[in-house]
Every structure is written in structure tokens, then in C-alpha cells.
Amino acid sequence: MGAFVQIQDVFKEFETEGKGAAPIPVIDGVSMEIREGEFVVYLGPSGCGKTTLMRIVGGLETATTGDVLLGGERVTGPDRRKGMVFQAYTSFPWLTVLQNIKFGTKYRDDIGEPERNQIANHYLRLVGLEDFADFYVNRISGGMRQRVAIARTLAAAPDILLMDEPFGALDAQTRDFLQEQLLEICRAERKAVIFVTHDVEEAVFLADRVFMFSARPARVIEEIDVNGAIGPERTADTKETDAFFHLRNHVRDLMRDQARAIA
């Protein structure tokens, strides 16, 4: 399967205030390719630039130099092809769970009202919230709200799912549950995913491949084939295997090295 996302020698600098102040380098010549249906995790210390790179893929930031291609087309800005899920709960409190999910179809001109309803109900079932369809989102838990956000994003039929620490604000038990559910959803939908985190165990559990980033400015210091190390199938028991343990420790050592570079 060929590359679906192509990131080509991307550099990014942020301008600073003050006359003559030098710009701050954030991304330092990153290149990579991501296949359709592949789950890729960007891992690195806080503030290293991994979220900025994901935002460039999503068209929310522009590279200083370099290009990003999605399905062979240059990314020039945000559009419906790039679906984004953030850490903050991005739900509409005046809408019910089902209405929130259906909102994801609002800007689709390829379907009519019956199809919108079918799609909303499909994703409602996919994230396991049928019993809460008529609840307003301020009446459900944070983990459920993130499931609503994922379902609404998928209802828009994006080509790639971009997720910026979506489980970072959740308790450990809810986070573990949603990690497993996200893998089931991604297997069913076969979407390319870029998932940003600084949680080593989460990265190793979710990813087909992990790209380990250096401290700012971000460079890829190691590309880790997780499927090759622990296999593509993941369950809660995977975290108890020797292969998972050894890979997690290797990645944790890489993270510690980069954290020391910041200190």
C-alpha cells in the first residue's frame, strides 16, 4: 500500500515579538510517509513540536518550508478531509448526543437527510452510546463526551483522523477503556490516524508505528515498528506481555533522554 500522507522536509519557525528578535525553531526538517489505514503516534516531551506538526498536516498551521501531501494533494488549509479531535471536549451543550454526532454531517453535500440520520445512528452505535442518544452532553461523563467527539468527527467522513492528546484529561480507567475502543473503531473504519501524546504506554499500545521526537526543535530520532515488535492485535492483556514490557521500557528511555535535554 502506497503512502497516503507525505510530509516532505518540513521546517517551522515561530516569529517572536520585539525588534530584531530571532524566530524560534519548532520543527527541524521532518519527513515521513503514512499509509492509508495506518495508526501513527507522535511521541515526545511536552513542547517539542509534535502537535505543531500534526496541525500542519491538518492545515491549521503552515510550514515555514516544506510540504505536506494528502492523497497526492498539497495541504493548503483545513477542510473536511482532515478530522480533528482535541483534549478539550468539543461538544455542543444545546444538542443531544445524537444531534451532536449528526452535526458532523452538516457540511457534507454528498448525502441527503435520510443518509445523515443513518450515518449519525451508525456512529452512535459504533461508540456504544445508543442508550444516551437523547441525553444532552452536559449530562454525560467526560469519557462519553470524547466518544461523541470521535463519532461526530467520523460522521464527517474525513480521510485522516488527527488526535491531539484526546484522553489526556481522563482518569486512568476511562482512558484504558477508550484506548481499546479507539482501536476497534479504527479497525472498522480503516482511517489513517495521527495521534499525539507524551504518554509512553498509550503510544506503544495504540500505534502501528511510533515516531519519537527530540526536544524542540522537533526531529525524528527514532521510528519504531510497534507491529513488528508486539504484533498488530491489542487487548488489555497485551500490556502484560514481555514484548510490550521491553518495548515500553525502550521507548521510555528515549523519552527520558529527551526530557534531560530540556532540563
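With 263 residues, a compact globule would be expected to have a radius of gyration near 18 Å, and the protein chain in this predicted model comes out at 19 Å, which agrees with that expectation. If you look along the principal axes, the C-alpha trace of the protein chain spans about 55 × 50 × 40 Å. Buried residues make up 49% of the 263 residues, and the accessible surface of the chain comes to about 12,500 Å², with 47% of that surface belonging to carbon and sulfur atoms. As for how the chain contacts itself, if we take the contacts with a separation of 6 or more, 70% of them are accounted for by residues 24 or more positions apart. In secondary structure, the protein chain has eight helices and ten strands, and I would like to take you through some of these in turn.

Let me begin with the open sheet, in which four strands are arranged in the order β2-β1-β4-β5, with antiparallel pairing. The edges of this sheet are β2, residues 24-35, and β5, residues 73-74, each of which pairs on one side only. At the β5 edge, strand β4, residues 65-70, is joined to β5 by two bridges, and the two run antiparallel; here L69 stands opposite R74 of β5. Strand β1, residues 3-14, contains D9, a residue that has a positive phi of about 50 degrees although it is not a glycine. Because its relative accessibility is 44%, D9 counts as partly exposed.

Now to strand β3, residues 39-43, where five of the five residues are buried. In general, the side chains of a regular strand alternate between the two faces of the sheet. In β3 both faces are covered, with F39, V41 and L43 buried on one side and V40 and Y42 buried on the other. Which strands, then, does β3 pair with in the parallel sense? One of them is β8, residues 192-197, which pairs with β3 over five bridges, and within that pairing V40 stands opposite I194. Another is β9, residues 209-213, which runs parallel to β3 and is joined to it by four bridges; there the bridge partner of Y42 is F211. Further along, in the loop between β9 and β10, the latter being residues 220-225, we find P217, and the peptide bond leading from R216 to P217 is cis, with omega near 0 degrees.

Turning to the helices, I will take α5 before α4. Helix α5, residues 172-189, has 18 residues and reaches 25 Å from its first C-alpha to its last, close to the 26 Å expected at 1.5 Å a residue. At its N-terminal end the helix is capped by D171, a side-chain oxygen of which lies 3.2 Å from the backbone nitrogen of Q173. The buried residues of α5 are R175, L178, Q179, Q181, L182, L183, I185, C186 and E189. An α-helix has 3.6 residues a turn, so residues three or four places apart point the same way. What covers the buried residues of α5 includes β3, which we have just discussed, together with α3, α4, β7, β8 and α6. After α5 comes R190, whose phi is positive, near 55 degrees, although R190 is not a glycine. This residue lies in the loop between α5 and β8, and because its relative accessible area is 47%, R190 is partly exposed.

That leaves α4, one of the elements covering the buried residues of α5. The 14 residues of α4 should span 20 Å at 1.5 Å a residue, and the C-alpha atoms at its ends are indeed 20 Å apart, so the expected and modelled spans agree. The helix is mostly covered, since 13 of its 14 residues are buried, and it is followed by A157, which has a positive phi near 60 degrees.

I would like to finish with one residue of α4, namely Q146. Is Q146 buried or exposed? Its relative accessible area is 0%, and Q146 is therefore buried. To which backbone oxygens, then, does the side chain of Q146 come within reach? The side chain reaches the backbone oxygen of F86 at 3.0 Å, and a polar atom of that side chain lies 2.5 Å from the backbone oxygen of P166.

Terms used: Residues numbered from 1 in each chain as written. Predicted model: local features only at pLDDT ≥ 70, side-chain atom pairs only at ≥ 80, totals over all residues. Heavy atoms only, no water. Buried < 20%, exposed > 50% of the residue type's maximum accessible area, 1.4 Å probe, protein only. Polar contact = N/O pair within 3.5 Å; in protein donor to acceptor, adjacent residues only side chain to side chain. Expected span 1.5 Å × (residues − 1). Rg over C-alpha atoms; globule rule 2.2 N^0.38 Å. Contact = heavy atoms within 4.5 Å. Areas by Shrake-Rupley, 256 points an atom, 1.4 Å probe, with all protein chains shown as cover. Pairing = 2+ DSSP bridges.
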